[in-house]
Structure formats: structure tokens, C-alpha cells
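Okay, thanks for coming, everyone. Let me put the model up and we'll walk through it together.

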Amino acid sequence: PPRVLQEWRRIDEGINGVRPEQVTSAGWAYPGHVRPFVNIDMSHNLYALPQRVVATESVMFLKDVMQEIKGHVQSLLPHSLHREMDQWYMGTLETVQELRCFVYHVIAALVINWDVLVVQPVEKVNYDLSSLADSRSPWVGQLLEQVRNFNQSLLSLPAGTLTNEVQQMLLEYVVIAATESIVEGMSRVKKCS
């Protein structure tokens, strides 16, 4: 999302005049460092879903704490810094929810090979009215099976890994990804009558 990228650039410009290059030499993991034992590219671990959830929900928790203490922090600051603090809250903390949505949308895009499962089969169906079948296309059953498998994978994660809210968000993003894939497949159809 544009606001996430804009906020990343703002943070990238440095905090309190410290450039990211200087911070890196001090041993900080910058930017986007992932520990070597966390493999975010493997489908068997749901693309590191548990680790991504912990990271994302931790940031959400910090956002909530920062919102709670805003009044107290503002009371400690000189009035001349209130505007700057409000801008920080608006820019940084409001972006956290967008970041959360982005992370879960990425997971939904990765967990199923949408191009092979949906886009290509939808594109190849003959949409001539005289030849349309009375039954559903095979890709529909395959799609439903993949969504069921993903849901089962979520349910098989250790207890406490996902809240009901996060599980619901992930399933919603899978539905969005499926819908986008169907539309993409339909847009590639050469002839329809």
C-alpha cells in the first residue's frame, strides 16, 4: 500500500538524524532482516505464517499501547512538539493497520498457486453459450479443495498461534485472492458469446 511505502521511506530517512547506514554498522538488522532459521519461502510452513503473525500482532499491540499513552506522552512534551507528535501518530501508527492487512494479503496470495489453479483454467473454458456445461468447471472443485486445505492448515497450527480475528482475516484475504484470480482469468478470455 502507498501509505506503508511512504512511511517506510520516512523511517528510512533516519530517526533523530541517524542514517540507516550508521545504524547498520551498530549491528541492527536493517532493512527487513529475517533470522536464518525462519524460511519465508516454503509452502510447508505456510510461508512462516506463525512468525509473521507474531511479528504483525506484536506491532499491532505496540500501536495500541502507543495510542493508550498518547495523552500522557503529550503532557510530558513541550507544546511546540505537539504538532510533530500528532503527525507521527497519524503517519506511523495509522499505517500499522494497513501493514497488517498487507502482510495477511501477501500470505493469502502465496498459499495457493492462483495462476495455475484458477487463472489459467478460467481462461481456457469455452464460454460459448451453446457449449456451456450444466455442471461446474473442474477448477471450482480444485479451488474449494485448496481453500479447505488452507483452512485445515490454519486449524492444525498449535493452539494460540492464531486468534479467531487473524484466522478470519486470512480466510477473507484468500477469498479476495480467489476473486481477483477469477476476474484475471475472465479478462484473458479471447471469445465469449
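So here's a question to start: are helix 6 and helix 7 roughly parallel or roughly antiparallel to each other? Keep in mind while you look that this is a predicted model.

Let's get our bearings. The chain has eight helices and zero strands, so reading from the N terminus you just get α-α-α-α-α-α-α-α. Of its 193 residues, 28% count as buried. And if you take contacts between residues at least 6 apart in sequence, 69% of them join residues at least 24 apart.

Back to the question. The axes of helix 6 and helix 7 come within 10 Å and cross at roughly 160°. Anything over 145 degrees counts as roughly antiparallel, and therefore that's what helix 6 and helix 7 are. The crossing itself is left-handed. On the helix 6 side, the contact is made by W114, L117, V118, P121 and V122, and on the helix 7 side by W139, Q142, L143 and Q146. Sort those by class and you get seven nonpolar, two polar and no charged residues.

Now over to helix 8, residues 164-187. With 24 residues at 1.5 Å each, helix 8 should span 34 Å, and its end C-alpha atoms are 35 Å apart, so the two agree. Its buried residues include V166, M169, L170, Y173 and V174, and further along A177, A178, S181 and G185. What do the buried residues of helix 8 pack against? Helix 3, helix 5, and also our pair from before, helix 6 and helix 7.

Note on methods: Residues are numbered from 1 along each chain as its sequence is written. This is a predicted model: local features need pLDDT of at least 70, side-chain atom pairs count only at pLDDT 80 or more; totals for chains, interfaces and linings use all residues. Side-chain values use heavy atoms; hydrogens and water are left out. Helices (H or I, at least four residues) and strands (E, at least two) are DSSP runs, numbered from the N terminus. The expected span of a helix is 1.5 Å times one less than its number of residues. Buried means under 20% relative accessible area, exposed over 50%, partly exposed in between (1.4 Å probe, protein chains only). Contact means heavy atoms within 4.5 Å. Axes are lines fitted to C-alpha atoms, for helices over the stretch in contact, and angles run from 0 to 180 degrees between N-to-C directions. Angles under 35 degrees count as roughly parallel, over 145 as roughly antiparallel, 65 to 115 as roughly perpendicular and the rest as oblique. A crossing is left-handed if the near helix is turned anticlockwise from the far one by less than a right angle, and right-handed if clockwise. Ala, Val, Leu, Ile, Met, Phe, Trp, Tyr, Cys and Pro count as nonpolar, Asp, Glu, Lys and Arg as charged, and the others, Gly among them, as polar.
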